[in-house]
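Hi everyone, thanks for making time for this. I'd like to walk you through one structure, contact by contact, so please have it open in front of you.

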Amino acid sequence: MKIPCDEYMLVNTVEEALALLGERRGNARIISGGSDLLLELQQGDCSPIGRLVDVTEIDELCALEIRNRTLFIGAAVTLARLANSELVKAHAQALSDATSLMANPQVCNVATIGGNVAHALPAADGTIAMLVLDAQANIAGRTGRRLVPLSSMFKGPGESTLDPCDDLLVGFHLPIREKMQSSAFARRVNPQGIALAMLNLAIWLDRDGERIHAVRVAVGPSGPVPRRMRYVERALSDQVYKPGLLDRVVEVLLQETHFRSSPHRATAEYRRHLAGVLLKEAFVEAWERAGE
């Protein structure tokens with residue numbers, strides 16, 4: 001594949017990557033898997049780029065480990081590696097679910113979780129899963145490192161808050177799973193093979209016997225940016241799980257979401273139907289996992 005840029009630079013350190021970005025001041029881009037970026041460049045869907053900075057040889061960006069009581073996932077970790085990781089299955093089940101469903105094996109072997117998040121699509125499977133897992137993004141800039149909530153990284157469809165001149169997404173910190181906690185992810189895709197989900201939903205919960213102690217829910221696409229369903233979370237929190245609860249919460253979900261019709265994926269009406277199906281499917285899975 002011919003790469004449409006003037007320079008392709010492979011780097012070994014975060015500092016080197018930041019320096020190369022800064023030299024081009026807006027005419028350079030980070031690349032890892034490249035499954036989205038290279039296609040956009042070839043199709044002319046983004047402005048020409050003078051320099052691509054390949055970060056797949058930076059050790060920290062490829063790390064997947066327990067670090068300071070968190071699960072650290074480097075931004076250059078591939079979707080296939082996440083789907084097969086025992087650490088992810090143990091501590092981030094929603095993310096394990098999501099990555100096992102994403103794309104085809106060829107794409108998942110190169111596509112990275114950092115790219116999935118940085119692309120800022122409101123229905124990105126990895127992003128929706130990590131929102132309910134309370135992920136924080138580790139971002140390196142020329143003035144130092146910062147940790148920010150994942151939800152703060154999005155400005156609009158396809159637009160993140162990362163500064164293309166000064167920022168490098170290093171990875172993500174997820175709280176490790178405690179006893180009686182669990183998560184799950186569910187989605188539906190167009191049977192004609194459109195890669196993006198018609199609708200997806202992730203849930204994390206903390207169970208106290210038959211009571212829902214705490215819960216986090218995210219649905220995509222439910223608006224211009226990936227986001228959590230705060231009213232749904234309030235409706236579920238501190239409730240006893242019994243018949244009829246989820247039916248009532250589905251009504252709250254439909255009031256909080258803002259679905260639109262997509263000519264290539266699904267109508268708003270069908271998405272409203274799917275929202276209830278996915279909420280019940282993911283909740284039951286997470287509930288049963290938490291009780292194991």
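Let's begin with a residue on the outside: Lys 155 is exposed, with a relative accessibility of 53%. One thing to say straight away is that this is a predicted model, so please keep that in mind as we go along.

What does Lys 155 meet in a salt bridge? The partner is the side chain of Glu 159, at 3.5 Å from N to O. Glu 159 itself is partly exposed, with 40% relative accessible area.

Now for a salt bridge between two helices. Asp 247 pairs with Lys 280, and their closest N and O atoms are 2.5 Å apart. Here Asp 247 belongs to helix H10 and Lys 280 to helix H11, so this contact ties together parts that are 33 residues apart in sequence. How accessible are the two partners? Asp 247 counts as partly exposed at 43% relative accessibility, and Lys 280 is also partly exposed, at 33%.

Stay with helix H11 for a moment. Glu 285 and Arg 289 meet there through their side chains in another salt bridge, 3.0 Å from N to O. Both residues lie in H11, four residues apart, which is about one turn of the helix. If you want the reasoning behind that spacing, an α-helix has 3.6 residues a turn, so residues three or four places apart point the same way. Is Arg 289 buried or exposed? Arg 289 counts as buried, at 14% relative accessibility, whereas Glu 285 is partly exposed, at 34%.

There is also a group of charged residues that goes beyond a pair. Glu 60, Glu 65, Arg 67 and Arg 145 are joined into one network by salt bridges that share partners. If you count through the whole structure, you get 19 salt bridges.

Let's turn to the aromatic rings. How many aromatic pairs does a search of the whole structure find? The search finds three. One of them joins Tyr 241 and Trp 287, with 5.0 Å between the ring centres and 70° between the planes, an edge-to-face arrangement. Tyr 241 sits in the loop between strand E14 and helix H10, while Trp 287 is in helix H11, so this pair ties together parts that are 46 residues apart in sequence. That is a second link to H11, alongside the Asp 247 and Lys 280 contact between H10 and H11.

Trp 287 has another ring partner, Phe 283. Their centres are 5.8 Å apart and their planes are at 15°; planes under 30 degrees apart count as stacked, so that is what we call this pair. Phe 283 and Trp 287 are four residues apart in H11, which separates them by about one helical turn. Put together, Tyr 241, Phe 283 and Trp 287 form one aromatic cluster.

And where does the cluster sit with respect to the surface? Phe 283 is buried, with a relative accessible area of 0%, and Trp 287 is buried as well, at 6%. Tyr 241 is partly exposed, at 25%.

Rings can have charged neighbours too. Arg 67, which we met in the salt-bridge network, lies over the face of Phe 72, at 3.9 Å from the ring centre. Elsewhere, the charged end of Arg 234 is placed over the ring of Tyr 231, 5.1 Å from its centre.

Next, the sheet. Five strands make an open sheet in the order E4-E5-E10-E6-E7, with antiparallel pairing. Strands E4 and E7 stand at the edges with a single partner strand each, so one side of each is left without a neighbour in the sheet. From one strand to the next, the twist averages 30°. Looking inside the sheet, strand E5 and strand E10 pair in the antiparallel sense over five bridges. If you'd like one to find on your screen, Thr 70 has Pro 175 in E10 as its bridge partner.

Last stop: helix H1, residues 14-24. Which of its residues are buried? They are Val 14, Ala 17, Leu 18, Leu 20, Leu 21 and Gly 22. Just after H1 comes Arg 25, which takes a positive phi of about 45°.

That's the tour, thanks for listening!

Key: Residues numbered from 1 in each chain as written. Predicted model: local features only at pLDDT ≥ 70, side-chain atom pairs only at ≥ 80, totals over all residues. Heavy atoms only, no water. Phe/Tyr/Trp six-rings, centres within 6.5 Å; stacked < 30°, edge-to-face > 60°. Buried < 20%, exposed > 50% of the residue type's maximum accessible area, 1.4 Å probe, protein only. Lys NZ or Arg CZ within 6 Å of the ring centre and 35° of its normal. Pairing = 2+ DSSP bridges. Axes fitted to C-alpha atoms, helices over the stretch in contact; angles between N-to-C directions. Salt bridge = Lys/Arg side-chain N within 4 Å of Asp/Glu carboxyl O.
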